[in-house]
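Work through the exercises below with the model open beside you, and try each task before you read its solution.

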Amino acid sequence: MMRIFLIMILLLNANVLFAQKQEISRNAISTPGKPLIDSTTYKKWTHVESPHITSNGKFASYVIRNDSMTDDYTAVLADDSDKWKVKLPGVTDVNFTGDSRMAVFMNRDTLSILNLGGNYFDKIPHVSMFFVSDKLNGEWVAYKNISSDNLILYNVRSGKRHIYPDISSSYFSEDGKALVLQREDSVSKNQSLSFLELSTGKIFKAWTGQGLVSMQINSSATQAVLVLLDKDKHSKSIWFYEREKPGCNLLVNNEILRLASSFVLDDYTKISRSGKYVSFSAKRTKPASDNLESKNSTVNVWSYLDAKLQSLQSAEGEPMTIYRFVINRKNHKITQLCKDDETVMSTNGDDDTYVVEHVTGDADGFEGGWNHFAQRTYYIKSIKDSSNVLLNLKGFHMVLLSPDGKYAVYYDKETSSYFSYEVASGVYRNITSGMNVPWYSYYREDASHAPRGVCGWGNNDAWVLIYDKFDIWKIDLLGKRKPVNLTNGYGLRNAVIFYLALPESYDRTFSDSDALILNAVNIQTKQNGFFQKKIDQGGDPSVLTMGNYIYQLINNFYVKSGGAYPIKAKGASTYIVSRMSADESPNYFLTNDFKQFKQLSYVRPEKKFNWFKTELHTWKKSDGTIGQGILYKPENFDSSRKYPVIFHYYEKKTFSLNEYLTPQNLVSGCNIDIPTYVSNGYIVFTPDIDYVIGDPMQGTFDAVISAASYVSQLPFIESKKMGIGGCSFGGLQTNYLVTHSNLFAAAYSASSLSDLVSAYDDVPMRYGSSQNYFEEGQGRMGVPLWEAPEKYVKNSPIFNADKVTTPLLLMHTTQDVACSFSQALELYTALRRLGKRVWLLEYTEGSHGVYGKSADDYALRLRQFFDHYLMRDAAPTWMTRGVPARVKGIDNGFSLDSSIMTPGPGLLNAEEQKK
């Protein structure tokens, strides 16, 4: 037995070694210059992360990380003039003091404090943790030694140190002016909470006792809300502390709240901006019996009267409803915000007015289009006057309160208009009446019911900024002044989508004299950059920079690496921006005008390998419209060669034209890695798909087939070696294409659907129904199955399985919660019965995609599959002979089959093969 076991282990290792040798041999033979990308390179890739900038904008830091098994880190500090730079191996992050004088960081257990622009290090050994006062003019560092609970507060300007004994937890207040000190006696278990005023050194004692569960403080640490666990350790109480006033005052406990015995106070608390209100939560306790009756039952009764499917009820178990409350600190009046089946949708700036959404019953919200137990109503609840005003709205809405709480704004899909509701008068106004403007997002043009939404607000609720498809409008909330196209229609005229570019813009209001920095992306050229527009000035916005880069693509769902928001220096108009292109790794740059960019980091791992280049191609589709797609070429492209091509698709992929694709074995756990395939001699083409509600697969067919016809005419494409593939919705598209075309030499489909008829009423992995996905979601059928069964049949690949001639590799997971495994099994068994060349890789790990060892396995098989059909490599034995269950995990069939070479005919007998 031992001998047999050793033989099995040797066979398994031989398979793995063979697969690795296959990659290495292709690398050695094919490229005399740069090495090709393969699986050995993925964990060596470097990138930059953790950018920081000093308050004065003069110094910045970032970390270079090598994605190796050991996670190799090097922090880099530099000034804005390139005269000073320091590299810190082994450092994972850097903090700056708020006065912009010092950098503070840890290397193992040594705390280092470096004077910026110099080379003096203050090193403190045996430190377990530290934190920095990084607010403007902050000059403090606090740390603890490994062997002590003492907190040392170090003033980096004066050099003085203050010791505070027995500190269990501590942090600086949001405004950087106070230090929060928490103590816990290890013997008595007594706890205490104090606030240290940094400017004076004065300590304010807030509380002493036991049972501190959670705490919230205001930005200046002058007020605090404490949640305490009572001595019985079953009930909680909420207390309030205010500086200069003695002790803590009880706000609320279960007795004061007077809820039923099955409800208890929860941990959530929040202090309003003015400090007048404290919001908190309570929750329902679980039954003590733990629902033993349910465990002892073997039947689920699915009734037509169930407001929610049994699957959802079983998955959720006993509902843990959270109830929100607000208490007025002055008069201790308690207002319950939410009851059963209610949630807070939005609030104003001072938390005294709320929009509350109410669902009629305990139902799946996705069924709101037809289930009367899932209908929504909205009302405005005022804490100031205890009023509850029901809004005259039907169906689902996103209702937003203005910052001062004077108005509620919402979009009405029936009239394609925005409305304001004036809280004081109760008047509704159509504030976009007569405007023939598309409010929906370009990224989902077929979802006109889902607008881009509110952009920002004017001071004192004077006006609201609203996005249309491309531009930004300034709209009077009273509807008296004519709407103004703030960007002057520039976006529509030039195919440019505008968004607010700076994160701080989303948490403030604007005056008429303010200038907005706008993020912009051109949907035709895919260029990305920045514009500026003063609110009170007419005319077009000013171009600051536009180029073949990605700084950030906001709300673009089709680009995996969409960049990042700029990071502002707290006391200066200097920013760190991230910038990438297809052939430039994301790096950091400094700018103070978004016109000139000074490069900060210089990480370029792609320079060491045979990388890729991107080209944006356009062509005319069969319906006369223009198609767009990205052509990925290898860096060592040879125009005299003929290359195989793989078409990969998912919605609108061309926004990835300038995206840097970090090599990995799979993308999103199910798709080919473009850098790897292109580096190894493939061309990849990613066409955009335009859809029609009710017939989405026709849009797929028109886009991909026309793209294939166009690409096949390029002189460097081997037209007989074209492959296709996609995952999830892209996998459904693949299944449709192979059942309606014989153009392709090979295809893969991962985690996908094959039968829209059976999928429509499916409950994947016993969760929510798929019906809404097809009626209103990405499935794009638009109507229930019984209203247009012929359309569901037409868009279902399974009904044309007999037309397949393309070898198809299916991948699915047993536990997929989005697309049931039965969908893959249905297509596989049909194609097997028809004698078609089909393989189904079922992975018992993962959900809607595979990761870890399963991903390694799938990535290798997918590569072998395409290498055989598109590169003419011999087929592996798992394709020619299969992998019998008895050798699963022993011989995975990776070795190439030198005797069979290519998969042969299926199981059909001679008579059936003639048909």
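A disulfide is here a pair of cysteine sulfur atoms within 2.5 Å. Keep in mind throughout that the model is a predicted one.

**Exercise 1. Find how many disulfides the structure holds, and describe the link of Cys670 and Cys727.**

Solution. Begin with the count: the structure holds 1 disulfide. Next, apply the cut-off to the pair, for the sulfur atoms of Cys670 and Cys727 are 2.1 Å apart, and the limit is 2.5 Å. Then look along the S-S bond, where the angle is -100 degrees and the link of Cys670 and Cys727 is left-handed. Now place the two partners: Cys670 belongs to the loop between strand 47 (643–648) and helix 6 (674–679), while Cys727 belongs to strand 49 (residues 717–727), so the pair ties together parts that are 57 residues apart in sequence. Finally, consider the surroundings, where both Cys670 and Cys727 turn out to be buried.

**Exercise 2. Decide whether Cys819 is in a disulfide, and whether Cys819 is buried or exposed.**

Solution. First look for the nearest cysteine sulfur, which is that of Cys727 at a distance of 8.2 Å, and conclude that Cys819 is in no disulfide. Then turn to the accessible area: since buried means under 20%, Cys819 counts as buried because its relative accessible area is 8%.

**Exercise 3. Describe the open sheet that has the strand order 9-10-11-12, and say which strands stand at its edges.**

Solution. Start with the pairing, which is antiparallel among the 4 strands of this open sheet. The edges are held by strand 9 (127–132) and strand 12 (161–164), each of which has a single partner strand, so one side of each is left without a neighbour in the sheet. From one strand to the next, the twist averages 20 degrees. As a closer look at one pair, strand 11 (residues 151–155) is joined to strand 12 by 4 bridges, and within this pair Leu151 stands opposite Tyr164.

**Exercise 4. Examine the hairpin of strand 15 and strand 16, and find which residue takes a positive phi.**

Solution. Strand 15 (residues 191–197) and strand 16 (residues 203–209) pair over 6 bridges in the antiparallel sense, with Ser194 of the former opposite Lys205 of the latter. The hairpin has 5 residues between the strands, and in it Gly201 takes a positive phi near 80 degrees.

**Exercise 5. Check the span of helix 7 against the expected one, and judge how far helix 7 is enclosed.**

Solution. Helix 7 (residues 696–712) has 17 residues, which at 1.5 Å a residue should span 24 Å, and this agrees with the 24 Å between its end C-alpha atoms. As for its surroundings, 13 of the 17 residues are buried, so helix 7 is largely enclosed by the rest of the structure.

**Exercise 6. Find how many cavities of 30 Å³ or more the structure has, and which residues line the largest cavity.**

Solution. Rolling a probe the size of a water molecule over the atoms shows where empty space is left. Such a search of the whole structure finds 1 cavity of 30 Å³ or more, and the volume of the largest cavity is about 30 Å³. Among the residues of its lining are Asn735, Ser749, His812 and Gln823. Two elements, strand 51 (808–813) and helix 12 (821–833), each give two or more residues to this lining. Thr814 lies in the loop between strand 51 and helix 12, and with a relative accessible area of 25% Thr814 is partly exposed.

Methods. Residues numbered from 1 in each chain as written. Predicted model: local features only at pLDDT ≥ 70, side-chain atom pairs only at ≥ 80, totals over all residues. Heavy atoms only, no water. Buried < 20%, exposed > 50% of the residue type's maximum accessible area, 1.4 Å probe, protein only. Pairing = 2+ DSSP bridges. Axes fitted to C-alpha atoms, helices over the stretch in contact; angles between N-to-C directions. Expected span 1.5 Å × (residues − 1). 1 Å grid on protein atoms, 1.4 Å probe; cavity = no way out; pocket = protein on both sides within 12 Å on 5 of 7 lines; lining within 4 Å. Points joined across faces, edges and corners; volume = space filled by probe spheres on them.
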